[in-house]
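Me: I am new to this one. Please show me the structure, and then I will ask how the labels are earned.
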Amino acid sequence: MKAADVELSTRHSEAVVNRKHKRVSRVMWRDFIWAYLMIAPLMLGLLIFYIWPVFQTFYFSFTTWGDFGTYQWSGLNNYQQLLHDPDLLGALTNTLIYTVLAVPGSIAVSIVVAVLLNQKIRGVGLYRTLFFLPAVTMPAAIAMVWKWLYNGDYGLINYILSLVHIHGPRWISDPHLALYSLILVAIWGSIGSNMVLFLAGLQSISSVYYEAAALDGANRFQTFFRITLPLLSPTIFFQTVVSMISAFQMFDLLFLMFEGSSNLVVNSTQTVVYLFYENAFQLNNKGYAAAIAVLLFVIILGVTIVQFQLQKRWVHYA
Amino acid sequence: MNMQKSVARRSFLPASWPIHGCLVLGSCLFVVPFLWMILTSIKTLGESTLVPPVIFPAVPQWSNYSEVFNTLPFVTYYINTILMTAGRTIGQLLLCSLAAYAFARIEFPGRNVLFILMLSVLMVPSYVVLLPQYIIMKDLGWINTLQALIVPGLFSAFGTFLLRQFFLTLPRELDEAAKLDGANHFQIYWSVILPLAKPALIALAIFVCLWSWNDLLWPLVVTDSPDKMTLSVGLAMLQGEHLTDFPILMAGAVLASWPMLAMFIFWQRHFIEGIAITGTKG
């Protein structure tokens, strides 16, 4: 009698477990359907407009384009052409000079500004706002304003230089100088957003370190180089990687500043993405443009990987 | 006493006036170009080329602004830019937050694969996909349409990743409570998660707004008829028309950039926090 009771109750509880299990799985199915429904629009868009196009660009880089959007397979032709293209060599050199000067330049200045603004002084908010203005201004407009400031005859900069008896150069029409003038504008334009990120980084450094340094009698410069910089290095690393990736893709400022300039100036300033744009949309060398895009992609990927390798040597994660 | 000394030492420079000196000088470098843009935009061509330059025009030439509207259809550019910016921003907020919710809150088969696939998109520079995107637009017959300006900008791996990271920080108990009340996932997403995620949503909205408003390359590629161009492309056109007439070019630059500058002045805190959260520049 008793044994039968126990058996019955066991069976009963098994049935409950079974039913529960079924219910859970039905709920789970409902979860899956919700998840797929919520993700589908984004994933479809990414597939169509981003993921598939990567493979297409790669494929196009092995094709030659004719009129009316027809193209045919041409093997490694485009890549062989890349090797012997003086324009590409020039564009790569320009892009490299631009990246190597603009990125560290902007980061160094931004750190100094951030350290200055990280003091308990009055008006920090106002300064921060002013430094930030270029970050919200259309690059096309920035290019126009600086083209005017740089103007050789009537520009404000050369007028100010003439006040101290310096004969100002032709900032943007001198092929030897144009790229460097562009770099200055790029640094000017990126200080605002870099500074905000470094300020956030500085504020997360615990004051304990500074107190300990003060007890040890460290001076200001020792404190800056031994404490602030190492503890800021994760932010510096992140910003360097991100800024380099975008510096390699420089286009907007350049396009507005030098479109319609003399050939010499264009050649001495054009970047790889500019060359890509020219080939893809003005000269209808779409296959060649695709090869340029692939090459730059590989370069960016390589530089980023190297940076991640090197970070072990100088980035300190607290 | 030691304590006091250490507190005093904490700031990197002691007296504040040399810092103010540097900062005021630095600020001038940032303010003067903008002032000069505005001042030049109301000068006559003759006044703008005087040496030494005059700071203020004798009579403000507001006609430079009407000249911009007369040369090019700037009203149309405004409408197109506003529609493009609004469309991309609203679309991205919706699509990214929906996907981010699923990634952060629901366990489903294939979640990791899809997430990694999405992350891989983050590593693709925009110009790498530009050519195929353009060809898709052309095949769809979308060149010179508003769809072309908006649709490819609706899907963002970055936005989804950002929101997903934020959603992960929200306490799970809230979902569980809502679930016990019989809410389905869309209801939890809409009435529990979204209201709590406001800071991240605002940051993403600002980021997308800035990026769209200032975008040059894509509108340049998919539009060649003036009635679908945006302000950034319009500026390039203006430069083609008035090569060295800088007062008119500056009026164009003011017209194209003031809306974002005004938004920034009004919502500074959100803009700066937004940049700090999103971590990248437009």
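Me: What makes domain 1 and domain 2 of chain A separate in space, in terms of their C-alpha centres?
Reply: This is a predicted model. In it, the C-alpha centres of domain 1 of chain A and domain 2 of chain A lie 47 Å apart. Domain 1 covers residues 2–60, and domain 2 covers residues 77–314. Those bounds come from an automatic or database domain assignment.

Me: How do you know whether chain A is spread out or a compact globule?
Reply: Set the value against the rule. Chain A has 13 helices and two strands. Its radius of gyration is 29 Å, and the globule rule gives 20 Å for 318 residues. The value is well over the rule, so chain A is more spread out than a compact globule. The C-alpha atoms fill a box of roughly 115 × 75 × 35 Å along the principal axes.

Me: What makes a residue of chain A count as buried, and what share does?
Reply: The cut-off is 20 or more other C-beta atoms within 10 Å of its own. Of the 318 residues of chain A, 39% count as buried.

Me: Why are chains A and B said to be in contact, and how many residues take part?
Reply: Two residues are in contact if their C-beta atoms lie within 7 Å. The contact takes 79 residues from chain A and 80 residues from chain B. On the chain A side, helix α1 (residues 2–60) gives the largest share, 20 residues.

Me: Which kinds of residue make up the side of chain A that touches chain B?
Reply: That side divides into 60 nonpolar, 11 polar and eight charged residues.

Methods. Residues numbered from 1 in each chain as written. Chains lettered and ligands numbered in written order. Predicted model: local features only at pLDDT ≥ 70, side-chain atom pairs only at ≥ 80, totals over all residues. Helix = DSSP H or I, 4+ residues; strand = E, 2+ residues; numbered from the N terminus. Rg over C-alpha atoms; globule rule 2.2 N^0.38 Å. Buried ≥ 20, exposed ≤ 12 C-beta atoms within 10 Å, placed from the backbone. Nonpolar A, V, L, I, M, F, W, Y, C, P; charged D, E, K, R; others polar.
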